[in-house]
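Me: I'm new to this one. Could you walk me through how to read it, feature by feature?

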Amino acid sequence: MQFGILGLPKVGKTTLFNTLTASHEATGKFDAGSKTHVAIAKVPDPRLVRLRDLFQPRRFTPATVEYLDIPGIEKGEGAESLDLAKLKTVDALLHVVRAFADPEIPHAGGAIDPRSDIATLDLELILADHSLVERRLERLDKAVKRGLTPQEQHEKKLLAETIRPALEAETPLRRLDLGADNERLLRGFQLLSAKPILVVVNVGEGEVANARPEDFGLGGEGRPAGVVVSAPIELEISRLSADEQKEFLADLGLAEPSLDRVIRASYGLLGVISFFTVGEDEVRAWTIRRGTVAREAAGTIHSDIERGFIRAEVVRWDDLLAHGTLAACRDKALLRLEGKEYPVEDGDVVHFRFNV
Ligand SMILES: Nc1nc2c(ncn2[C@@H]2O[C@H](COP(=O)(O)OP(=O)(O)O)[C@@H](O)[C@H]2O)c(=O)[nH]1
Ligand SMILES: [Mg+2]
């Protein structure tokens with residue numbers, strides 16, 4: 001699962017990236033940087049930490065999200081300044097927007113206006129998609145002479161009658177409800193405005209306790225999801241010891257680092273959930289799409305387990321914590337035997353029986 005971080009220059013993208021992934025890439029007042037960085041963030045999950053404390057395993061493996069830090073785009077320069085090749089393959093976008101004031105750091109758009117920056121980026125994505133759709137339609141028009149396959153005819157109709165008009169009305173494609181089949185078809189085009197988006201508003205350190213995503217038109221029906229952070233503060237927090245962190249957070253009036261919320265919101269945005277495997281060897285979280293059935297979930301661990309699937313032994317994470325061992329859960333009839341069609345749920349502890 002990969003998120004592309006993008007936004008105007010000098011809004012705090014690299015600062016946020018460093019915090020999310022514990023990296024040390026250069027940030028700067030003058031040089032926005034021109035290289036794309038990639039790194040992994042661990043998804044904070046208190047359930048998994050408690051399972052680790054119970055099993056004391058040799059290895060502990062949380063779920064991860066991969067972030068790409070993509071150099072800034074210049075307002076008005078159009079889609080060329082987006083690193084499109086890199087963005088096309090990501091699963092979702094993380095748009096960093098500046099709301100902090102700092103006279104030393106010039107703002108690419110002139111004034112600090114988060115709502116306008118959110119709209120500007122959407123427009124960049126829409127323009128990029130529009131030119132891609134136009135090119136595809138031109139190609140299909142040329143192919144009319146030789147005759148279109150039924151699939152191509154369907155595609156042409158969808159692009160010309162639904163997708164292009166939406167883009168021309170400046171509607172990001174993520175807002176359309178096209179149905180599963182059409183969405184699958186469009187996924188092949190890797191259209192940017194169709195990707196899920198999380199907006200991270202980077203506010204000044206004094207505002208982080210009180211600012212809400214709604215203040216910036218985020219969250220709720222038909223709007224992008226949003227999280228408010230102070231990127232430099234998060235960076236500072238992430239480098240403190242656990243005790244110091246608590247004290248610092250309390251001083252700021254925060255319950256947890258906003259960073260945790262960003263990573264969790266990223267995870268949630270993609271409609272994915274975690275199931276766990278436990279043992280003395282390893283306690284681990286595995287990422288699957290919501291609704292994935294047991295046999296397919298087994299395949300995320302190893303294709304042999306999917307192929308030789310016999311059954312899944314399943315217990316809720318909290319039942320396991322309450323009773324201490326899988327054997328105790330079995331005695332209490334809390335350990336269920338599930339077949340290959342069982343939709344695995346978030347927080348299930350699963351042990352697969354298989355035979356190859
Ligand atoms: N005052 C202030 N400065 C910030 C904040 N976030 C980032 N910066 C500074 O803004 C500059 C650009 O940050 P950077 O992360 O490199 O931005 P990028 O160009 O979007 O990757 C750096 O000097 C950061 O230290 C913030 O919330 N407040
Ligand atoms: Mg940067």
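**Reading the folds, step by step**

Reply: Sure, and let's begin with a small piece: strand 10 and strand 11 (residues 336-338) run antiparallel and are joined by three bridges. Within that pair, Ala 312 sits opposite Glu 338 of strand 11. Keep in mind that this is a predicted model.

Me: What other strand does strand 10 pair with, and in which sense?

Reply: The general idea is that strands of a sheet pair through backbone hydrogen bonds, either parallel or antiparallel. Here, strand 10 (residues 309-316) also pairs with strand 12 (residues 348-354), in the antiparallel sense and over seven bridges. To find your way along that pair, look for Val 314, which faces Val 350 in strand 12.

Me: Let me step back for a second. How many helices and strands are there in the chain?

Reply: You'll find 13 helices and 12 strands. The C-alpha atoms fill a box of roughly 65 × 65 × 35 Å along the principal axes. Of the 356 residues, 34% are buried. Among contacts with a separation of 6 or more, 69% link residues 24 or more positions apart.

Me: Which domains does the assignment give?

Reply: A domain can be built from separate stretches of a chain, as domain 1 is here: 2-44 + 62-110 + 197-269. Domain 2 covers 122-194, and domain 3 covers 291-354. If you take the C-alpha centres of domain 1 and domain 3, they lie 36 Å apart.

Me: In what order do the six strands of the open sheet come?

Reply: Read across the sheet rather than along the chain: the order is 2-4-1-5-6-7, with mixed pairing. At the edges are strand 2 (37-42) and strand 7 (225-229), each pairing on one side only. From one strand to the next, the twist averages 25°. For a closer look, take strand 2 and strand 4 (residues 64-69), an antiparallel pair with six bridges. There, Lys 42 stands opposite Thr 64 in strand 4.

Me: Which strands does helix 1 touch when it packs on that sheet?

Reply: Helix 1 touches strand 1, strand 2, strand 4, strand 5 (92-98) and strand 6 (197-202), and its direction makes about 155° with that of strand 4. Helix 9 (residues 258-269) packs on the sheet as well, touching strand 1, strand 2, strand 4, strand 5, strand 6 and strand 7. The direction of helix 9 makes about 165° with that of strand 7.

Me: How many residues of helix 1 are buried?

Reply: Nine of the nine are buried, so helix 1 is largely enclosed by the rest of the structure. Among them are Lys 13, Leu 16, Phe 17 and Leu 20. Right after helix 1 comes Ala 22, with a positive phi near 50°.

Me: What should I make of phi, in general?

Reply: As a rule, most residues other than glycine have a negative phi. That makes positive values handy things to look for. Lys 10, for instance, has a phi near 60°, and it lies in the loop between strand 1 (2-6) and helix 1 (13-21). Gln 56 has a positive phi too, about 45°, and belongs to the loop between helix 2 (46-55) and strand 3.

Me: Are those two residues buried or exposed?

Reply: Count the other C-beta atoms within 10 Å: 20 or more makes a residue buried, and 12 or fewer makes it exposed. Lys 10 has 22, so it is buried. Gln 56 has 9, so it is exposed.

Me: Which residues are closest to ligand 1?

Reply: Start with Gly 12, Lys 13, Thr 14, Thr 15 and Thr 27, the closest of the 20 residues that surround ligand 1. Two elements give two or more residues to that shell, helix 1 and helix 7 (231-238). Helix 1 gives the most, with three residues. By type, the shell divides into seven nonpolar, nine polar and four charged residues.

Me: One last stop. In which sense does strand 9 pair with strand 3, and with strand 8?

Reply: With strand 3 (residues 59-61), strand 9 (residues 282-289) pairs in the parallel sense, over three bridges. Phe 60 stands opposite Val 283 there. With strand 8 (residues 272-277), strand 9 pairs in the antiparallel sense, over six bridges. Ile 273 faces Ile 288 in that pair, and a hairpin of four residues joins strand 8 to strand 9.

Methods
Residues numbered from 1 in each chain as written. Chains lettered and ligands numbered in written order. Predicted model: local features only at pLDDT ≥ 70, side-chain atom pairs only at ≥ 80, totals over all residues. Pairing = 2+ DSSP bridges. Domains from an automatic or database assignment. Axes fitted to C-alpha atoms, helices over the stretch in contact; angles between N-to-C directions. Contact = placed C-beta atoms within 7 Å. Near = placed C-beta within 6 Å. Nonpolar A, V, L, I, M, F, W, Y, C, P; charged D, E, K, R; others polar.
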